[in-house]
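Reader: Please take me through this model by setting each label against the definition that stands behind it.

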Amino acid sequence: DYLVGPVHIRARAKTQERLTYDLSEVLRLMDLANWYNKWIDHKTWHVVREGMQDRNDIELTSDMIKRFISFLSHPARLPDLLRRLHDLRILEIFIPAMEHARCLVQFNEYHKYTVDEHCLLAVQRATEFESRTDVLGDAYRNLPDKHLLHLALLLHDLGKGRPGDHSEVGGGLAVETGQRLELSSRQTAMLKLLVEKHLLMSNLALQHNINDETIWLQLAREVGSPFGLQMLY
């Protein structure tokens, strides 16, 4: 169905028609591009864009979810692929809260990007840890469930622009997303924790005495597991 070259992956002629209407096939293409670390050929992507732009009649299926989770697990081309899905307004099929965040401006001293761009950039920065040789690179490469981290980064600020604390609102959105994407109860709980506590480690580091062991005991108790601490880090 696809030809993989030194730089690009492209669809054969017989496959191009499916790419105009079958989101599961589009996600398969993206998964392959990510797996082989190849750019999607321009002509192939033009076919996808013409067929999928602003589609509002797509119903989410288990097969689509599996393919979405699969390409979320690999960092190679993930930032580019997520942006493509966002540009097509397909990302919000999987994460409905992305629609509210689109072009949503943040007015504070910490952010200079819109909420959707900020969350997409967060994923991009995380994937860049793959090539680092320090402790941060080791922590990222050794994560067994990278799709959870990438999903949490997409979700972490989507509670903004809604009533209430954005972290708590985001925790609720994380639960809804976990259920929508058919995650296990353990994975959904971890996703909720990461979104609700995404400011916890930086707040402790910047506002408390980091030489005080009780601070780190407090952090460990709130997170509850070494895996959770690694993800939060």
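Reader: What makes Val4, Trp35 and Tyr36 a nonpolar patch on the surface?

Author: This is a predicted model, in which local features need pLDDT of at least 70 and side-chain atom pairs count only at pLDDT 80 or more, while totals for chains, interfaces and linings use all residues. Residues are numbered from 1 along each chain as its sequence is written, and side-chain values use heavy atoms, with hydrogens and water left out. A patch joins nonpolar side chains within 5 Å, from residues with over 30% relative accessible area and no salt bridge (a side-chain nitrogen of Lys or Arg within 4 Å of a carboxyl oxygen of Asp or Glu). Val4, Trp35 and Tyr36 form such a patch, with about 350 Å² of accessible area together, as given by the Shrake-Rupley method with a 1.4 Å probe.

Reader: Why is Tyr36 called partly exposed?

Author: Buried means under 20% relative accessible area and exposed over 50%, with partly exposed in between; Tyr36, in helix H2 (residues 23-36), has 43% and is therefore partly exposed.

Reader: How do you know whether His150 is buried or exposed?

Author: The relative accessible area of His150 is 0%, so this residue is buried. His150 lies in helix H10 and, not counting residues up to four places away in sequence, touches Leu72, Leu78, Val123, Thr127 and Tyr140, where contact means heavy atoms within 4.5 Å.

Reader: Which residues does Leu82 contact beyond its neighbours within four places in sequence?

Author: Leu82 is in contact with Phe68, Phe71, Leu72, Leu91, Leu120, Val123 and Leu154.

How values were computed:
Patch = residues over 30% accessible without salt bridge, like charges linked within 9 Å, V, L, I, M, F, W, Y side chains within 5 Å. Helix = DSSP H or I, 4+ residues; strand = E, 2+ residues; numbered from the N terminus. Buried < 20%, exposed > 50% of the residue type's maximum accessible area, 1.4 Å probe, protein only.
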